2 protein chains.
Amino acid sequence: MRKVKVFKPILVSNKERAAENRKVFDRLGAFVVNIIASPGAGKTSFISKVVTGLQKRHKILVIEGDIRGQVDSERLALLGVDVVQINTQTACHLDAFMIAQVLPQVHGSYDLILVENVGNLVCPAEFEIGEDYKLAILSVTEGDDKPYKYPLLFHLAQVVVINKTDLLPYVDFNMAKARTGILQENPHAVVLPVSSKNGEGYDAVIEHFSKEMHAAKKAH
Amino acid sequence: MRKVKVFKPILVSNKERAAENRKVFDRLGAFVVNIIASPGAGKTSFISKVVTGLQKRHKILVIEGDIRGQVDSERLALLGVDVVQINTQTACHLDAFMIAQVLPQVHGSYDLILVENVGNLVCPAEFEIGEDYKLAILSVTEGDDKPYKYPLLFHLAQVVVINKTDLLPYVDFNMAKARTGILQENPHAVVLPVSSKNGEGYDAVIEHFSKEMHAAKKAH
């Protein structure tokens, strides 16, 4: 008679699972950015610009989080970048477990992994996924009060991209007030104003990522 | 010796608590609208315009949901409208229990209660609060793809306000595509384009609310 070995189910927390993901990311050699913003703030356009600016010299993977569908993934795949889609069904955020489920599909090595979280300023900030840092995108059409009203994200984000600067003449957005709110939550935040429409500010974004990837490679 | 009466804690679901809230709203005589939108879509400006347009002939209450702070409440109170603030702390939505907690502060009678939910397209759609209907606000700067990407809200919302039409010349927003997406999720949705900046479209909004309040009064 064979002995039956009963495995105990092991319940781990999101934090523990994020630490496991981190090990996988390290094996892939990747610098990982968790991109969080409101619906329509321009996450996919931002990723397109970063991919276009860096893909000649760097291997990039995009992990795309959406409640439903894969329109953003298809749009990004046209750039020739590797994309993995996660559909969260009803969840308003990506968590470490969802990332862990797709990581076995990821092979080879990557310099940069850009994770596009579900469009939402609240819940995605609460779940680590094993990232190097969180990057928030705030578009000028959303208003300069957002860092004051959604403090957790701006407290945690190491980089805040202020998008749609081409629309500044048409909206009431006080850049100084937004900056003050951001730096109040995180005095070390890097604030990068851009326009995905006319490309303004993207040189600084590309330079920022190049430096971060370089520093991460040296640290490993 | 006195007998100690031990009350059993009664656990009710959000749906059951929403039904209790509904009874309170009916006693107040109020038509209740649960307003859901992304951060920065213009919920508070929309409410200001509706209050300004209706407060001469109707008694209005605003219930303001924010993670933190009360800047929107203070802005609305300047109009002379009654406002109750709820701070959700970390929660990304209002639920029936939070509403139930503040209802004892509400006295007298109201024709219209406008509930400004937390800025988020996902979670607030999942929790009934006892409302007559959900109203979604989508701003043109967010993109015409939002009904396709956040289907639950657009499935449930009986009214969809498309805000910031003054910015249409400066953004790529296809009104027909947005409408198709909205009506695909809910063929009975009422779509109302407005600009809170120049007031365009608000006559139709005011007329809509007047009719709804009138129909609700007759039904009671």
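## A guided tour, starting at a helix contact

Begin by selecting helix α2 and helix α8 of chain A: here K49(A), V50(A), G53(A) and L54(A) from α2(A) meet Y202(A), V205(A), I206(A) and F209(A) from α8(A). Sorted by class, this contact holds 6 nonpolar, 1 polar and 1 charged residues. Keep in mind throughout that the model on your screen is predicted.

Now show the two helices whole, with α2(A) covering residues 43–54. What is the angle at which α2(A) and α8(A) pack? It is about 65°, and the axes lie 10 Å apart. Angles of 65 to 115 degrees count as roughly perpendicular, so α2(A) is roughly perpendicular to α8(A). Look along the crossing of α2(A) and α8(A) and you will find a right-handed one.

**Next stop: the sheet**

Keep α8(A), residues 202–219, selected and add the strands it packs on: α8(A) touches β1 (31–37), β4 (112–116) and β7 of chain A. The direction of α8(A) makes about 145° with that of β7(A).

Then colour the whole sheet. In which order do its strands run? The order is β3-β2-β4-β1-β5-β6-β7 in chain A, an open sheet of 7 strands with parallel pairing. At the edges you will see β3 (82–87) and β7 (190–193) of chain A, each paired on one side only. On average, neighbouring strands of this sheet are turned by 20° against each other, direction ignored.

Zoom in on the β3(A) edge. Its partner there is strand β2 of chain A, residues 60–66, and the two pair in the parallel sense over 6 bridges. For a single pair to label, pick I63(A), which stands opposite V84(A) in β3(A).

**Over to chain B**

Select helix α2 (residues 43–54) and helix α9 (residues 202–219) of chain B: their axes come within 10 Å and cross at roughly 65°. The helices α2(B) and α9(B) are therefore roughly perpendicular to each other, and their crossing is right-handed. Show side chains for K49(B), V50(B), G53(B) and L54(B) of α2(B), along with Y202(B), V205(B), I206(B) and F209(B) of α9(B), and you have the contact. By class, these residues divide into 6 nonpolar, 1 polar and 1 charged.

**Last stop: where the chains meet**

Finally, display both chains together. How many residues of chain B are in contact with chain A? There are 28, and they meet 28 residues of chain A. Highlight helix α6 (residues 146–149) of chain B, which gives the most to this side of chain B, with 3 residues. Coloured by class, the side of chain B that touches chain A shows 13 nonpolar, 8 polar and 7 charged residues.

Definitions and conventions: Residues are numbered from 1 along each chain as its sequence is written. Chains are lettered from A and ligands numbered from 1 in the order in which they are written. This is a predicted model: local features need pLDDT of at least 70, side-chain atom pairs count only at pLDDT 80 or more; totals for chains, interfaces and linings use all residues. Two strands pair if DSSP finds at least two bridges between them. Helices (H or I, at least four residues) and strands (E, at least two) are DSSP runs, numbered from the N terminus. Axes are lines fitted to C-alpha atoms, for helices over the stretch in contact, and angles run from 0 to 180 degrees between N-to-C directions. Two residues are in contact if their C-beta atoms, placed from the backbone, lie within 7 Å. Ala, Val, Leu, Ile, Met, Phe, Trp, Tyr, Cys and Pro count as nonpolar, Asp, Glu, Lys and Arg as charged, and the others, Gly among them, as polar. Angles under 35 degrees count as roughly parallel, over 145 as roughly antiparallel, 65 to 115 as roughly perpendicular and the rest as oblique. A crossing is left-handed if the near helix is turned anticlockwise from the far one by less than a right angle, and right-handed if clockwise.
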